[in-house]
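Please open the model in the viewer and keep the selection panel at hand. The stops below are meant to be visited in order.

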Amino acid sequence: MKEYEYYKCDEIHIEKEQPLIVTLTSWKERINTNILYKTLLSLKEQTLKPDKIIVWLSSEEIDKDTLPKEILEGDWYEIHWVNKNLKSFKKFLSIQQIPNAIHITMDDDMQYSNHIIEDLYTTYMNSNKKCIIPPYCPLCNEFGQPWGNHFGGKTNFKWICTGCCLYSPNVFPQEVFDFYGQIMLNRELCSDECFLMPFIIYHDIELLPCFTTDIVFFRENIIINESRCNALHVKFFREIINGIGNLKTNIKNDLIYDIVKSLPIEYQEKYKKCFPRFEERDNSGSYFL
């Protein structure tokens, strides 16, 4: 196993100089309810075949001997293990090991169209090849939050979103792996996009969405219905109205602030420069929403 500061993990073996790697992770509830397997099945007959599909699992959370038979017998993906429960961050371990590859991170609760990999790759080939390609991008507001003029004025800065995301070779900031252990490792809730945004802003990395809106993306890439009750994003809402999370009570408002303030001063200064109302508070002392 490869050893890093906070964890040990399986090593990826591949001979191709610049491979296309799909990387995802999962946890015991989605494995035991076949949600992960449904996602993997949707990646089996893609119009563009990646060189590898890697599923990262945590031996701290999951007993290898209890994996369902169908997960163990799938021959179009590889299961790799890490000895710490890094939650959703596990999928980025492929990027840490092979930074010069083209990486596509994917969620484990979706049935993807059979051309989603080709869609992302085509966008990449038509780009400057120095960007991150999410499925779609909301606009940030003046507080550095991802909801445009819902709370504060719209800015020209895009907010990265997950679901699936292509990372051009060597575009992912490698210092992310150092700061993850210091800032996110022991948090109850983690958010890939909240954690990555300060690094994207600091390095002036272009976000180039593959689809024009979330509606276009979800037209053919469908969230597996059984996964909705335990989806991570639901846990961020303090208030649910008619089945929809209230943006004003989204804990990500606080989380992005806490993450930025936990980073070295140069990251803080760049974020505050881009979002001039970042540190504003209301009369109660809460983060301005």
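**A polar contact in a strand**

Select His80 and Glu78: their side chains are joined by a polar contact of 2.8 Å (a pair of N or O atoms within 3.5 Å, in which, within protein, one must be able to donate a hydrogen and the other to accept it, and residues adjacent in sequence count only if both atoms are side-chain atoms). This is a predicted model, in which local features need pLDDT of at least 70, side-chain atom pairs count only at pLDDT 80 or more, and totals for chains, interfaces and linings use all residues. Residues are numbered from 1 along each chain as its sequence is written, and side-chain values use heavy atoms, with hydrogens and water left out.

His80 belongs to strand β5 (strands are DSSP runs of E, at least two residues, and helices runs of H or I, at least four, numbered from the N terminus). His80 is buried, at 6% relative accessibility (buried means under 20% relative accessible area, with a 1.4 Å probe and protein chains only).

Next, select Phe92 and Phe172. Their ring centres are 5.3 Å apart and their planes at 25 degrees, so the pair is stacked (rings of Phe, Tyr and Trp, the last by its six-membered ring, pair if their centres lie within 6.5 Å; planes under 30 degrees apart count as stacked, over 60 as edge-to-face and the rest as tilted). Phe92 lies in the loop between β5 and α4 and Phe172 in the loop between β11 and α6, so the pair ties together parts 80 residues apart in sequence.

Add Tyr167: its ring and that of Phe172 are edge-to-face, with planes at 75 degrees. Both Tyr167 and Phe172 are buried.

Notes. Buried means under 20% relative accessible area, exposed over 50%, partly exposed in between (1.4 Å probe, protein chains only).
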